[in-house]
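Student: I am new to this structure and would like to understand one part of it properly before I look at the rest. Could you choose a strand, and then take me carefully through its partners and the spaces around it?

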Amino acid sequence: MADHRALVITAPGVIGLQDVAALVPGPGEVIARPAYVGVCGTDLELLDGVVDPAYVRYPLVPGHEWSGVIEAVGPGVTTLTPGQPIIAEGIIPDRVCAQCAAGNTNLCLTYDEIGFTRAGAAADQLRLPAQVVHPLASARLADAALAEPAAVAWRGISRGRPRPGERIAVVGDGTVGLITAHLLRLYSPADLVVFGQRADQAGLAAELGATAFELSGPADTPGEFDLVIEAAGKPAAVEDAIALARRGGRLVLLGLAGNGVKAGLPIDDVVNNDLAITASFGYTSAAWAQVAGLLRAGKIHLAPLITHRFPLEAFADAYRTLREGTGPRGKVLLEVNPR
C-alpha cells in the first residue's frame, strides 16, 4: 500500500511531515481516516517538551482532538463499518482495572492516550481500539472535532452539579472555557458569565451562550456565584475562581497549569465560606457517550468556535497562530482529509 502522511514531533522542538507506512487493523481495532484535527495549548507544550514525561512518549504524532471516518475494521469488529463518521476517546482504558470497573476510565491504572503515548490523529490514518469509538450518524465532522474538549468540559460540569436558575461563572476564555459555557447553557442558569483575559473573545463567548463577558476579574463581583468552573490553567485564574464563589458555593478546577505550578490558597476564605472545591481530570467513557449523543441530537453547536483552518501541510502556520495570533481566537483546526 502507498505511504501516508503523518505530522511527527521527533523530539521536543523538532516537528515535520513524514511519509509513514500504511496501517493495518489488528483484532478488535479499526483504522480511521481523520478529517479534522484540533490544535490546542497542550500540543504546543508537547512540542516545547514541557509536558510531564510520565504522560508522553517521543517521537509522537500529535492530535488528540479530531473527527473522521472509519477506513477499515479488524477481525472481530462487527458494529462499525467503513465510511462511518466517528469520534473516539483519546484515553484508552483497559476496562478491567478497579478504576475502570468503577466507571473512572479517566483514571485507568494503565495510562495510554492518543497523541501522547500512542500516535495521534494528525495523519492520514489512525489505528485505535474499536471499543473507544463513538459513531456520529449525521453530526457535522468539523463540529465533532471539538468533542474531546467538550468531553473534558462535560465531565467537569457534572462534578459541579449545576441546577437551573443558578448564577454560574466560567474563568477562562480559551477553547475549554468557551465550550464549558456553551454546555452550561443547557442547564438554564440565571446568569452565565465568562471571565477572560482578552476582550477579543467577548463575541465568541456571547455566540456560544454566555450572558456576559468580563475582563476585570472578580474584584467587582466577589462572592456572587453558586458555581464557578475554572478552565484557564493559571494560578491567578484559580485564585480568581475562589474569590468569585459565594458562601456555600461550589468550585471545579479544570485547567492544567504545567508540572509543578502552584497557586495561593486563601485558607480562611475557603473555610469561612464553606466552599466545596473539586477537580476534574480528562473525561470518562460515559462523558464521551453523552457528548456524542448531544452532537447527534443537535443540542450543541461548536462550529462558531472554529476561527482558523489550515491544511495539514501548513501545520507551522497553525501552531504559530495558536501561539502568537491576535484577534478573536477559538479553535485552530488542521484539515487533514476534509469532508
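Tutor: What follows is a close look at one strand, then at its partners, and finally at a cavity and a pocket.

A word on the basis of the description comes first. The model is a predicted one, in which local features need pLDDT of at least 70 and side-chain atom pairs count only at pLDDT 80 or more, whereas totals for chains, interfaces and linings use all residues. Residues are numbered from 1 along each chain as its sequence is written, and side-chain values use heavy atoms, with hydrogens and water left out.

The part I have chosen is strand β3, which covers residues 29-39; the strands are DSSP runs of E with at least two residues, the helices are runs of H or I with at least four, and both are numbered from the N terminus. Of the 11 residues in β3, 9 are buried, so that the strand is mostly covered, where buried means under 20% relative accessible area, exposed means over 50% and partly exposed lies in between, for a 1.4 Å probe and protein chains only.

Now consider the strands beside β3, bearing in mind that two strands pair if DSSP finds at least two bridges between them. With β4, strand β3 runs antiparallel and shares 8 bridges, and in this pairing Ile31 of β3 faces Ala72 of β4. With β6, the sense is again antiparallel and there are 4 bridges; here Ala32 is set opposite Leu126. A further antiparallel partner is β15, made of residues 331-335, which is joined to β3 over 4 bridges, with Val39 standing opposite Val332.

If you now step from β3 to its partner β4, which spans residues 65-73, you find that β4 also pairs with β5, in the antiparallel sense and over 2 bridges. Gly68 is the residue that stands opposite Ile86 of β5. Strand β5 in turn runs antiparallel to β7, residues 133-135, to which 3 bridges join it, and Ala88 stands opposite Val133 in that pairing.

Strand β5 also lets you follow the directions of individual side chains. In a regular strand the side chains alternate between the two faces of the sheet. In β5, residues 85-88, Pro85 and Ile87 point one way while Ile86 and Ala88 point the other way, yet all of these are buried.

Before β4 there is a detail of the backbone that deserves a pause. The peptide bond between Tyr58 and Pro59 is cis, with omega about -5 degrees, and Pro59 sits in the loop that lies between α1, residues 41-48, and β4.

Let us turn to the spaces inside the model. Rolling a probe the size of a water molecule over the atoms shows where empty space is left. On a 1 Å grid over the protein atoms alone, a cavity is a set of points where a 1.4 Å probe fits but cannot get out, while a pocket is an open set with protein on both sides within 12 Å along at least five of seven lines; lining residues have an atom within 4 Å of a point. Grid points are joined across faces, edges and corners, and a volume is the space filled by probe spheres set on the points.

By this rule there is 1 cavity of 30 Å³ or more, and the largest cavity holds about 30 Å³. Strand β3 contributes the most to its lining, with 3 residues. Among the residues of that lining are Val37, Gly38 and Val39, together with Leu7, Asp43, Pro62, Gly63, Ala122, Tyr319 and Leu334. By class, the lining has 7 nonpolar, 2 polar and 1 charged residues, where Ala, Val, Leu, Ile, Met, Phe, Trp, Tyr, Cys and Pro count as nonpolar, Asp, Glu, Lys and Arg as charged, and the others, Gly among them, as polar.

The β6 strand that pairs with β3 also takes part in an open space. The second largest pocket has a volume of about 240 Å³, and β1 (4-11) and β6 (126-129) are the elements that give two or more residues to its lining. Altogether 15 residues line this pocket, and those nearest its centre are Leu23, Ala119, Gln125, Leu126 and Arg127. Leu126 is also the residue opposite Ala32 of β3. The lining of this pocket divides into 8 nonpolar, 2 polar and 5 charged residues.
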